[in-house]
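This report covers the fold, the core and the aromatic pairs of one protein chain. The chain is shown first.

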Amino acid sequence: MAACRTLCLLIEDSNFSEKDFTDLLPVCWDLCFKLVEEVLEFDSKVQVLNLISVLLGHIGQVIPYADKLVLFFQKVWEESSGESLLQMQLLFALRNFVMALGYQSPICYTILLPILQRGIDVNGPDELNLLEDSMLLWEATLAYAPSMVPQLLDFFPSLVHIIERSFDHLTVAVEIVEDYIILGGTEFLRRHASNVAQLLDMIVGNVNDRGLLSVLPVIDILVQCYPMEVPPLISSTLQKLIVVCLCGGDDREPSKTTVKSSAAAILARILVTNTNYLAQLTSDPSLLLLLQGAGFPAEENILLCLVDIWLEKEKSYSQLPKKKLQLTSLGCRKDFFSLQRTHVDNMTSAQRKTIGLALSIILSLRLPQVLDKLDQILSVCTSVIMGSNDDLSEGESSGDIMTSIRPQIEGTIPSKEFKKRQIKSSDPINQMSLENAVRENLQTCASLHGETFNAAIGRMHPAALAQMKQALKMS
């Protein structure tokens with residue numbers, strides 16, 4: 001056992017070289033298998049399993065020994081009944097095994113999936129001890145799977161039961177949901193739409209800001225992938241996001257500001273990709289009741305209040321006249337749109353563009369109140385358009401990353417992260433031109449409102465108007 005501990009230390013040493021160790025691997029694996037059979041003490045078995053885990057975590061050449069490892073894991077699992085600590089160590093080793101196999105991991109599914117099914121059963125006898133490690137194994141299995149298999153698809157309802165019990169494993173649960181969205185595609189949504197809706201509804205509104213920040217990107221990617229199908233399915237969750245935006249507490253707290261920004265960006269995406277649905281959602285009587293329960297004034301127009309959130313009207317414009325005066329009196333040539341920045345500047349470039357597109361759509365609605373916000377809407381859109389050079393540089397960097405990854409995965413099945421990048425790169429928002437959207441919807445706004453539109457344009461600050469015309473390439 002001393003040799004076992006010494007070998008662990010050697011492999012985990014920062015100067016360890018797998019190349020120099022390659023010739024010793026066959027002997028090392030065989031001795032590990034024999035040692036587990038020979039030792040009788042519980043602690044000794046755990047130490048040997050730990051060595052195997054370390055080997056799997058540091059050695060790339062696992063495939064030649066995969067069959068022996070599968071048989072080994074099966075035998076140890078069968079003999080570990082009632083030994084929770086040994087089973088926990090085995091689950092950890094299996095997770096490393098899956099990660100070492102990569103996209104050849106299905107060769108171990110015959111032993112892996114039955115163990116996983118038992119570990120994620122909240123009604124199982126060992127649920128208290130094995131659930132956390134089983135969920136980590138579950139996430140790794142999905143992340144390294146080349147494709148969804150029926151057995152994994154059947155496991156998803158177990159996640160609902162786990163979250164119903166508690167939010168103790170929320171972080172990994174959210175990762176698992178994302179894995180299913182990315183890997184399972186339309187078949188996953190077809191089979192488990194109600195489970196997804198139930199899961200999100202349990203989380204949103206019942207966890208703290210940190211929990212919300214973990215789940216909001218998953219909602220965003222779900223809406224991105226299925227812009228028409230998903231919003232009606234998760235209407236209850238979306239109503240809660242509207243409440244978060246409009247009644248979300250003190251904006252001076254950074255976490256609440258980030259939550260509001262992310263939630264607002266999701267709602268903006270829905271307005272852009274499924275305009276009629278968001279209009280329907282914001283006029284739903286059940287949403288009005290929910291907002292009233294949170295202390296929101298009943299007489300307010302919900303959609304216009306969302307516009308105010310996107311604009312952050314109070315914060316951005318409370319000192320606007322003073323800034324205009326300073327700009328004029330000092331003869332400063334600083335871009336006017338930089339004074340009109342809202343909270344969208346604290347978002348990612350994709351979120352900023354989504355907000356801009358949503359605001360441009362607001363211009364095309366037959367709402368006279370839009371003219372009261374015309375100055376702010378155009379200033380924000382101008383800000384996003386004028387900042388597009390930075391966004392373009394970011395996009396080129398992302399493209400370079402994609403290019404650098406492709407040769408490494410040529411002939412192999414893309415990883416979860418690569419698939420995720422593919423989804424993000426195919427985002428319809430990326431294909432839309434904010435400049436064209438603003439220009440077209442501004443023309444629609446002019447047609448709808450006539451002279452009142454001209455009067456609203458006339459009230460814009462000359463510097464802001466000049467910046468807008470420059471951004472939209474208007475004479």
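In which helix does Glu139 lie? Glu139 is part of helix 8. The model is a predicted one, and the statements below are to be read as such.

Is Glu139 buried or exposed? Glu139 has a relative accessible area of 15%, and it counts as buried because that value is under the 20% cut-off. Leaving out residues up to four places away in sequence, Glu139 touches Val172, Glu175, Ile176, Asp179 and Lys416.

**Overall fold**

The protein chain contains 27 helices and zero strands. Of its 475 residues, 51% are buried. Taking contacts between residues at least 6 apart in sequence, 76% join residues at least 24 apart. The exposed surface of the chain is about 22500 Å², and carbon and sulfur atoms supply 53% of it.

**Core**

In soluble globular proteins, nonpolar side chains tend to be buried together. Here the largest nonpolar core holds 158 residues. Helix 10, residues 170–203, gives the most to this core, with 19 residues. The residues with the most contacts inside the core are Leu69, Phe73, Phe97, Trp138, Leu152, Tyr180 and Trp310. Beyond its neighbours within four places in sequence, Leu69 is in contact with Trp29, Phe33, Ile52, Leu56, Val62 and Phe97.

Helix 7 spans residues 109–119, and its buried residues are Tyr109, Ile111, Leu112, Leu113, Ile115, Leu116 and Gly119. These buried residues pack against helix 5 (66–79), helix 6 (84–101), helix 8 (127–143) and helix 9 (150–165).

**Aromatic pairs**

A pair of aromatic rings is described by the distance of the centres and the angle of the planes. The count comes to 10 aromatic pairs, including the two in the table.

| Pair | Centre distance | Plane angle | Class |
|---|---|---|---|
| Phe72 and Phe73 | 5.5 Å | 55° | tilted |
| Phe156 and Tyr180 | 5.0 Å | 75° | edge-to-face |

The pair of Phe156 and Tyr180 links distant parts of the chain: Phe156 is in helix 9 and Tyr180 in helix 10, 24 residues apart. Both Phe156 and Tyr180 are buried.

Why is the pair of Phe72 and Phe73 tilted? The planes of Phe72 and Phe73 stand at 55°, so the angle falls between the limits of 30 degrees for stacked and 60 for edge-to-face. Phe72 is buried at 7% relative accessibility, and Phe73 is buried at 0%.

Ring pairs also join Trp29, Phe33, Tyr65, Phe72, Phe73 and Phe97 into a cluster. Among these cluster members, Trp29, Phe33 and Phe97 are also in contact with Leu69.

Definitions and conventions
Residues numbered from 1 in each chain as written. Predicted model: local features only at pLDDT ≥ 70, side-chain atom pairs only at ≥ 80, totals over all residues. Heavy atoms only, no water. Core = buried A, V, L, I, M, F, W, Y, C linked by side-chain atoms within 4.5 Å. Buried < 20%, exposed > 50% of the residue type's maximum accessible area, 1.4 Å probe, protein only. Helix = DSSP H or I, 4+ residues; strand = E, 2+ residues; numbered from the N terminus. Contact = heavy atoms within 4.5 Å. Areas by Shrake-Rupley, 256 points an atom, 1.4 Å probe, with all protein chains shown as cover. Phe/Tyr/Trp six-rings, centres within 6.5 Å; stacked < 30°, edge-to-face > 60°.
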